[in-house]
Amino acid sequence: MVDFASLPLPVFPYVPAWRSGLDLAMTTLRELRDQGSVRALASPHRLDFHQILVVTAGSGSFAVDSSRFECRTGTLVWTRPNQVIEFSPRTDMDADVIMFTETFPLHLSARVGMLDDVLRPTHWQLHGSELLAFRRVVSLLREEFQRPDQGLGEELLKHLLAVAMLHIDQMCRRRHKEPGTGVSGEQGELFLRFRRELDRSYAVTRLVEDYAAALNCSTRALSRACRAVAGTSAKDVIDARVALEARRLLGHTDLPIGAIARRLGFSEVTNFGKFFTRRVNMTPGAFRREARAAQAR
């Protein structure tokens with residue numbers, strides 16, 4: 001597997017003020033601006049933790065793994081560990097920011113667990129009562145985060161974070177009708193195990209049979225789980241993960257295209273070029289030039 005953490009990209013340009021003894025932190029964009037940390041956010045950087053951000057005022061632009069979008073009041077952004085981020089808030093922009101490690105949240109159902117998948121959407125636009133409800137949860141989480149721990153602080157924070165995640169899940173089901181929003185049980189758990197294995201092995205194999213063997217299930221069972229949860233085939237999920245890493249490496253490193261092909265398990269650079277063009281609708285070289293031009297603007 002590609003060790004993305006070893007690539008020449010800075011880690012998040014400030015150290016979160018984790019709650020004592022816990023892997024949870026809360027801040028606002030205004031506080032980051034006061035610390036002088038906002039300017040560094042505009043350069044490509046990585047997270048080694050989860051970050052949920054909801055814009056409370058103003059506007060700006062955000063890019064996650066080379067996909068750029070505009071933010072305004074009510075924009076909710078969830079970035080996951082090792083995603084490549086560029087954030088350009090305007091001076092009038094403020095946001096609530098929640099940061100947590102992969103091990104901090106409560107164990108929720110498979111359906112909710114899928115929300116933190118890097119192949120899932122990274123941003124949504126909240127409106128009206130939806131935004132008010134989510135901000136109430138964030139406000140409760142902040143109040144508890146700032147309160148001195150009297151013995152149950154960790155449990156309260158974990159449950160409040162779970163409520164925030166459930167709100168996002170509910171919003172997805174109600175407004176976006178993503179594939180698999182009603183899936184749980186064995187198929188949901190199998191898909192989650194598949195995604196974890198894929199993150200470990202996408203540079204080693206792209207064969208569905210290999211993943212089924214690693215998960216001790218049949219290829220048919222794995223395919224059914226992928227269709228139920230992601231609305232697509234197991235092969236398509238595998239290829240999407242490889243293409244995501246290819247975009248990261250092309251857009252944010254100076255590695256030669258041949259070296260990138262080898263890192264991702266392609267024995268021939270021409271095969272990598274055909275694969276990438278089929279998935280992204282442009283050649284690796286064209287994608288790199290376009291990504292560099294976007295970063296220079």
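Is Arg68 buried, partly exposed or exposed, and what is its relative accessible area? I began with this residue and found Arg68 partly exposed, with a relative accessible area of 41%. I note at the outset that the model is predicted.

**Entry 1. The partner of Arg68**

I looked up the salt bridge of Arg68 and found Glu86 at the other end, with the closest N and O atoms 3.4 Å apart. Glu86 belongs to strand S7 (residues 84-89) and Arg68 to strand S5, so the pair ties together parts that are 18 residues apart in sequence. I then checked the cover on Glu86: its relative accessible area is 6%, so I recorded Glu86 as buried.

**Entry 2. The chain as a whole**

I counted 12 helices and 9 strands in the protein chain. Of its 297 residues, 51% are buried. I also looked up the contacts with a separation of 6 or more, and 76% of them join residues 24 or more positions apart. The exposed surface comes to about 14,000 Å², and carbon and sulfur atoms supply 50% of it. For the salt bridges, my tally for the structure is 15.

**Entry 3. Asp65 and Arg248**

I turned next to a salt bridge between the side chains of Arg248 and Asp65, with an N to O distance of 2.9 Å. The two residues come from distant parts of the chain, 183 residues apart: Arg248 sits in helix H9 (residues 234-252), and Asp65 in the loop between strand S4 (59-64) and strand S5 (67-72). I found both Arg248 and Asp65 buried. For Asp65 the relative accessible area is 4%, and the cut-off for buried is under 20%.

I also read the backbone of this loop. Most residues other than glycine have a negative phi. Asp65 has a positive phi near 50°, and Ser66 has a positive phi near 75°. Ser66 lies in the loop between S4 and S5 as well, but I recorded Ser66 as partly exposed, at 31% relative accessibility.

**Entry 4. The network and Arg195**

Which residues are linked with Asp65 and Arg248 in a network of salt bridges? I listed Arg195, Asp199, Arg241 and Glu245 alongside that pair. I followed Arg195, which is found in helix H6 (residues 185-201). Its relative accessibility is 5%, so Arg195 counts as buried. With neighbours within four places in sequence set aside, I found Arg195 in contact with Asp117, Val118, Leu119, Val237 and Arg241.

**Entry 5. How H6 meets H9**

At what angle do H6 and H9 pack? I obtained about 35°, with the axes 11 Å apart. The crossing of these two helices is right-handed. From H6 I noted Phe191, Phe194, Arg195, Leu198 and Asp199, which meet Ala234, Val237, Ile238 and Arg241 of H9. I sorted the residues of this contact into 6 nonpolar and 3 charged, with no polar ones. Arg195, Asp199 and Arg241 appear in this contact, and the salt-bridge network also includes them.

**Entry 6. Phe104 and the H5 pair**

I located Phe104 in the loop between strand S8 (94-100) and helix H3 (110-113). Is this residue buried or exposed? At 4% relative accessibility, Phe104 counts as buried. Leaving out residues up to four places away in sequence, I found that Phe104 touches Leu22, Asp23, Leu24, Glu154, Leu157, Lys158 and Leu161. The C-alpha atoms of Phe104 and Leu157 are separated by 9.5 Å, and the two residues are 53 apart along the chain.

Two of the residues that Phe104 touches, Glu154 and Lys158, form a salt bridge with each other, the closest N and O atoms being 3.3 Å apart. Both belong to helix H5 (residues 153-176), where a spacing of 4 residues separates them by about one helical turn. I recorded Lys158 as buried, with a relative accessible area of 16%, whereas Glu154 is partly exposed at 33%.

**Entry 7. Glu130**

My last check was Glu130, found in helix H4 (residues 128-146). Its relative accessibility is 11%, so Glu130 counts as buried. I looked up its separation from Met171, 41 residues apart along the chain, and the C-alpha atoms are separated by 7.6 Å.

Conventions:
Residues are numbered from 1 along each chain as its sequence is written. This is a predicted model: local features need pLDDT of at least 70, side-chain atom pairs count only at pLDDT 80 or more; totals for chains, interfaces and linings use all residues. Side-chain values use heavy atoms; hydrogens and water are left out. Buried means under 20% relative accessible area, exposed over 50%, partly exposed in between (1.4 Å probe, protein chains only). Contact means heavy atoms within 4.5 Å. A salt bridge is a side-chain nitrogen of Lys or Arg within 4 Å of a carboxyl oxygen of Asp or Glu. Axes are lines fitted to C-alpha atoms, for helices over the stretch in contact, and angles run from 0 to 180 degrees between N-to-C directions. A crossing is left-handed if the near helix is turned anticlockwise from the far one by less than a right angle, and right-handed if clockwise. Ala, Val, Leu, Ile, Met, Phe, Trp, Tyr, Cys and Pro count as nonpolar, Asp, Glu, Lys and Arg as charged, and the others, Gly among them, as polar. Accessible areas come from the Shrake-Rupley method with a 1.4 Å probe; for residues, only the protein chains shown count as cover.
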